[in-house]
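Work through the exercises below with the sequence and the coordinates open. Try each task before reading its solution.

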Amino acid sequence: MSSRTLTIVLFVVFVVITLAITIWASRQTKTAADFYAGGRSFSGFSNGLAIGGDYMSAASFLGIAGIIALFGYDGFLYSIGFLVAWLVALLLVAELLRNSGKYTMADVLAFRMRQTPVRVAASISTIVVSIFYLLAQMVGAGALVALLLGIKPGAHFLGMDADTAKIATIIFIGILMIVYVTVGGMKGTTYVQIVKAFLLMVGAALMTVLVLAAFKFNLSDLLGEAATKSGKGASFLEPGLRYGKEVAGDAAQTFYNKMDLLSLGIALVLGTAGLPHILIRFYTVPNSKAARKSVLWAIGIIGTFYLMTLALGFGAAALVGGEAITAQDKGGNTAAPQLAQVLGEKFLGGATGGAAMLAIIAAVAFATILAVVAGLTLASSSSLAHDIYASVIRKGQVSEGSEVRVARIAAFAIGAVAIVLAIFAQSLNVAFLVALAFAVAASGNLPAILYSLFWKRFTTAGATAAIYGGLITAVVLVFFSPVVSGSPTAMFPNSDWHWFPLSNPGIISIPVGFLCGWLGTILSREPADPQKYAELEVRSLTGVGAH
Amino acid sequence: MSTDAPDRYERIAESPEFSGLRRALRRFVFPMTIAFFSWYALYVILSAYARDFMGRILFGNINVALIFGLLQFVTTFLIAWLYARYADRKLDPVAEDLNTRITAGEFDADEQPKEVVA
């Protein structure tokens, strides 16, 4: 059996199993709490795994391994930022949100505010963040399939050329995610994420052990071989090949490069606790103690995974080599699957072993993407149905049944929009889309969440100012940055309207978000409602009246 | 849970028991957030500006940058564990006790007429 056939067989097995679980989950989904929050019945451990499945995206697995393989140490910065970020969620957000919210991020933000303006703002921000993230995953899936299934330009597969196969993949992934969410709701999505997290951890652990075995479990030898093979020597193991580059004779550019590195670092660490698809996972457990347990498990699982990215990335640099990786994909996104193939050849015996390992890891990569896009679709459709339809349009006068029906329709609509956008966005850089999602989450959502939970005087005007101020600043700065125009790697390489020198807006837009929230509050005419804040505080800390 | 007088939650929020719980939470999470954020910021700033230091070899091919990065993992796990322990001992018992008492109606004012809200 060829590697391509095996990949397809394994992926089909994953799809069949997860669809069966989804249909089973749909039978257990009767109320709105079932659809939005999986009946709030998952244990801390299950939810910890599901959080891992929701969070460790293709950008983590393929992207970080690829950056380390090509640029060495700098890829590790992502791993660290993505992990440390969980402390914000653990210490400041998870438990308080679980106690005071119901289904969406907006539940907490609107708790003591005027409902309509805050819910509209939170819903817009939820959808913007989720769509950027969703596009990143779907574009990534399209790019990967051609490479993983070995469809090169000019070659054909099932009568499709590479471009058609990419579009077919995007549509296929899109349809599957719509089915998971509309049929299985949060329960189905959660199980898909649990299965994926398990597969990803096993796959990554297997590869890590094999990489280390290839170097007789001597990490120093592995790093040495990676550095030698990269042709960059010791600097491959130090920060600076990709981010914060020093440009000789150009002090301004050097300064901007360093600022860009700081900006990325801040956005990574502050973005996580503002990602709506992560926040709604805290509602799937019975109480705040279980929410804490799920974050603790998630930190353990995600931390272990990001430690393994070191072995995967440097392993790919040492065993596959930068040239072979860039020959396959310039961005390095195929480093992990290519490493799998080499490891299979080395340890499982020849070409067959290589094909088998490649197939397994390729199937894991597809499962990874699928679980993340399902979570994102659920987050945005929940917000449309619960925040916009039920709260803003119907002012809460709506039955659970029709709210859930609207949520299903919303999931279908968002999935369809995402498919179309992803087809048009195929040339966009995946890492850029994810970084933008994190920057918006950190600039708009996080200030609003933290002020809501901890600042008594925070008002409706403050909340909307924080969300819109952070969101708009982040998006506008990116639009005028070198990632969109004015550089060879930009979206529009042949035009130049950029004036903002950094690729990541975080270092400006995050303080702007916090500043807008503060200004909006002190300038607002209506004072905060002290009774509602007292209620939020008591409920969030003691769990009284929690849903 | 009984129905609420409008200022019921304010009275709870101002009670010594609740103030103690709030103080216990903030006393841990605020300083710890500042600590881990500064520690992480130091790592990012050193990665940007102290490349010679980060590139210094400690043994074999292991340099300061790698150890510093791995230490971020260690401190993240450590802080998570410390918080879990602290919450178990200092926060959960108080929160559960307050929850029970609030639900039992202990904080419902007796001097004020109770307003019945549907």
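The exercises that follow concern a predicted model.

**Exercise 1. The fold of chain B**

Task: State how many helices and strands chain B has, and give their order.

Solution.
- Step 1. Count the elements. Chain B has 4 helices and 2 strands.
- Step 2. Read along the sequence. The pattern is α-α-α-β-β-α.
- Step 3. Check burial. Chain B has 118 residues, and 27% of them count as buried.
- Step 4. Check contact range. Take the contacts in chain B with a separation of 6 or more; 67% of these join residues 24 or more positions apart.

**Exercise 2. The annotated spans of chain B**

Task: Find which residues of chain B carry the UniProt annotation "transmembrane region", then describe the backbone there.

Solution.
- Step 1. Take the record. The unreviewed UniProt entry places the annotation on residues 28–50 and 62–84 of chain B.
- Step 2. Take residues 28–50 of chain B. This span is 96% helix and 0% strand, and its end C-alpha atoms are 31 Å apart.
- Step 3. Take residues 62–84 of chain B. Here the end C-alpha atoms lie 32 Å apart, with 91% helix and 9% strand.

**Exercise 3. Where chain B touches chain A**

Task: Describe the side of chain B that touches chain A, by element and by residue class.

Solution.
- Step 1. Count both sides. The contact involves 46 residues of chain B and 42 residues of chain A.
- Step 2. List the elements of chain B that give two or more residues. They are helix 1 (8–14), helix 2 (16–49), helix 3 (51–55), strand 2 (62–63) and helix 4 (64–103).
- Step 3. Find the largest share. Helix 4 of chain B supplies it, with 18 residues.
- Step 4. Sort the chain B side by class. It holds 30 nonpolar, 11 polar and 5 charged residues.

**Exercise 4. Two helix crossings in chain A**

Task: Classify the crossing of helix 10 with helix 18 of chain A, and that of helix 3 with helix 8 of chain A, as oblique or roughly perpendicular.

Solution.
- Step 1. Choose the descriptors. Two packed helices are described by the angle between their axes and the distance between the axes.
- Step 2. Apply them to helix 10 (residues 251–271) and helix 18 (residues 506–523) of chain A. Their axes come within 8 Å and cross at roughly 50 degrees. Helix 10 of chain A is therefore oblique to helix 18 of chain A.
- Step 3. Name the contact residues. Helix 10 of chain A contributes several, including Met259(A), Leu262(A) and Leu270(A). Helix 18 of chain A contributes Gly506(A), Ile507(A) and Ile510(A). By class, this contact has 8 nonpolar, 2 polar and no charged residues.
- Step 4. Turn to helix 3 (residues 44–55) and helix 8 (residues 162–214) of chain A. Their axes come within 7 Å and cross at roughly 80 degrees. So helix 3 of chain A is roughly perpendicular to helix 8 of chain A.
- Step 5. Name residues again. Among them are Ser46(A), Leu49(A) and Asp54(A) in helix 3 of chain A, and Thr190(A), Lys196(A) and Phe198(A) in helix 8 of chain A. The classes here are 5 nonpolar, 5 polar and 2 charged.

**Exercise 5. The largest nonpolar core**

Task: Identify which residues touch the most other members of the largest nonpolar core.

Solution.
- Step 1. Note the total. The core has 247 residues.
- Step 2. Pick out the leading members. These are Leu109(A), Ala316(A), Leu339(A) and Leu370(A).
- Step 3. Find the main contributor. Helix 14 (residues 335–393) of chain A gives the largest share, 33 residues.
- Step 4. Follow Leu339(A). Beyond its neighbours within four places in sequence, Leu339(A) contacts Met207(A), Leu312(A), Gly315(A), Ala316(A), Leu319(A) and Val320(A).

**Exercise 6. Three residues of chain A**

Task: Decide whether Gln137(A), Arg40(A) and Phe217(A) are each buried, partly exposed or exposed.

Solution.
- Step 1. Gln137(A) sits in helix 7 (residues 115–148) of chain A. It counts as buried because it has 27 C-beta neighbours inside 10 Å, and the cut-off is 20 or more.
- Step 2. List the partners of Gln137(A). Outside four places in sequence, they are Ser57(A), Ala58(A), Ile369(A), Val372(A) and Val373(A).
- Step 3. Arg40(A) lies in the loop between helix 2 (32–37) and helix 3 of chain A. With 19 other C-beta atoms within 10 Å, Arg40(A) is partly exposed. Its phi is positive, about 50 degrees, although Arg40(A) is not a glycine.
- Step 4. Phe217(A) is in the loop between helix 8 and helix 9 (219–230) of chain A. It has 11 C-beta neighbours inside 10 Å, so Phe217(A) counts as exposed. Phe217(A), not a glycine, has a positive phi of about 60 degrees.

Terms used. Residues are numbered from 1 along each chain as its sequence is written. Chains are lettered from A and ligands numbered from 1 in the order in which they are written. This is a predicted model: local features need pLDDT of at least 70, side-chain atom pairs count only at pLDDT 80 or more; totals for chains, interfaces and linings use all residues. Two residues are in contact if their C-beta atoms, placed from the backbone, lie within 7 Å. Ala, Val, Leu, Ile, Met, Phe, Trp, Tyr, Cys and Pro count as nonpolar, Asp, Glu, Lys and Arg as charged, and the others, Gly among them, as polar. UniProt positions are given in the numbering used here, feature names are shortened, and annotations may be inferred rather than shown by experiment. Axes are lines fitted to C-alpha atoms, for helices over the stretch in contact, and angles run from 0 to 180 degrees between N-to-C directions. Angles under 35 degrees count as roughly parallel, over 145 as roughly antiparallel, 65 to 115 as roughly perpendicular and the rest as oblique. A residue is buried if 20 or more other C-beta atoms lie within 10 Å of its own, exposed if 12 or fewer, and partly exposed in between; C-beta atoms are placed from the backbone. A nonpolar core is a set of buried Ala, Val, Leu, Ile, Met, Phe, Trp, Tyr and Cys residues joined through C-beta atoms within 7 Å.
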